[in-house]
Amino acid sequence: MDETALRWLMDHEEGRQAMLEVLELTGVYRTDSSDGENTNMLLIGRRSVGSDLLQKIRSLGRKAGEDGLSLEYRMLREEKERMERAVRKEKERDIFD
């Protein structure tokens with residue numbers, strides 16, 4: 001993956017959101033497994049792709065005060081904030097319904 005393109009993606013909130021969605025598809029933040037050997041191999045392969053992406057993100061050098069690790073943390077923090085807003089919005093809707 002081109003470092004310039006990855007930096008551009010991670011420098012934008014929408015890009016970080018898209019990257020997190022891809023990482024979640026790979027299962028890199030999960031440790032699930034299956035009784036089936038073929039399913040386990042699929043899960044391992046997906047996580048491997050996610051691990052490679054995380055390695056690329058984490059290896060981004062410092063630019064404008066943020067290196068790859070801080071961009072990853074920012075991506076995760078923004079997702080947490082999106083989830084909290086969604087919960088608050090749902091609660092507000094329940095109150096007024």
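This is a short tour of the chain, stop by stop, for following along in your viewer.

Before you click, note that this is a predicted model, in which local features need pLDDT of at least 70, side-chain atom pairs count only at pLDDT 80 or more, and totals for chains, interfaces and linings use all residues. Residues are numbered from 1 along each chain as its sequence is written, and side-chain values use heavy atoms, with hydrogens and water left out.

**Whole chain**

Start with a cartoon of everything. You should find 4 helices and 0 strands, in the order α-α-α-α along the sequence. The chain is more spread out than a compact globule, because its radius of gyration is 17 Å, well over the 13 Å that the globule rule gives for 97 residues. That radius is taken over C-alpha atoms, and the rule is 2.2 Å times the number of residues to the power 0.38. Helices here are DSSP runs (H or I, at least four residues), strands are E runs of at least two, and both are numbered from the N terminus.

Along the principal axes, the C-alpha atoms fill a box of roughly 45 × 45 × 15 Å. Now switch on the surface: about 7100 Å² is exposed, with carbon and sulfur atoms supplying 53% of it. These areas come from the Shrake-Rupley method with a 1.4 Å probe, and for residues only the protein chains shown count as cover.

Buried residues make up 27% of the 97 in the chain. Buried means under 20% relative accessible area, exposed over 50%, and partly exposed in between (1.4 Å probe, protein chains only). As for contacts (heavy atoms within 4.5 Å), residues 24 or more positions apart account for 56% of those with a separation of 6 or more.

**The core**

Next, select Leu 6, Met 10, Met 19, Leu 20, Leu 23, Val 28, Leu 53, Leu 54, Ile 57, Leu 60, Leu 71 and Met 75, the 12 residues of the largest nonpolar core. Helices α1 (3-10), α2 (13-26), α3 and α4 each supply at least two residues of it. A nonpolar core is a set of buried Ala, Val, Leu, Ile, Met, Phe, Trp, Tyr and Cys residues joined through side-chain atoms within 4.5 Å.

Zoom in on Leu 53. Leaving aside neighbours within four places in sequence, Leu 53 is in contact with Met 1, Met 19, Val 22 and Leu 23.

**Three glutamates**

Pick Glu 78 in helix α4 (residues 68-96). Glu 78 is buried, with a relative accessible area of 9%. Setting aside neighbours within four places in sequence, Glu 78 touches Glu 13 and Arg 16.

Now hop to Glu 3, in helix α1. Glu 3 is exposed at 53% relative accessible area. Beyond neighbours within four places in sequence, its contacts are Leu 60 and Gly 61. Try a distance to Gln 55, which is 52 residues along the chain from Glu 3: the C-alpha atoms are separated by 12 Å.

Then choose Glu 14, in helix α2. Glu 14 is exposed, with a relative accessible area of 61%. From Glu 14 to Thr 39 you go 25 residues in sequence and 32 Å in space, C-alpha to C-alpha.

**Last stop: Leu 42**

Finish on helix α3 (residues 37-58), where Leu 42 lies. Leu 42 counts as partly exposed, at 47% relative accessibility. Draw a line to Ser 59: the two are 17 residues apart in sequence and 26 Å apart in space, C-alpha to C-alpha.
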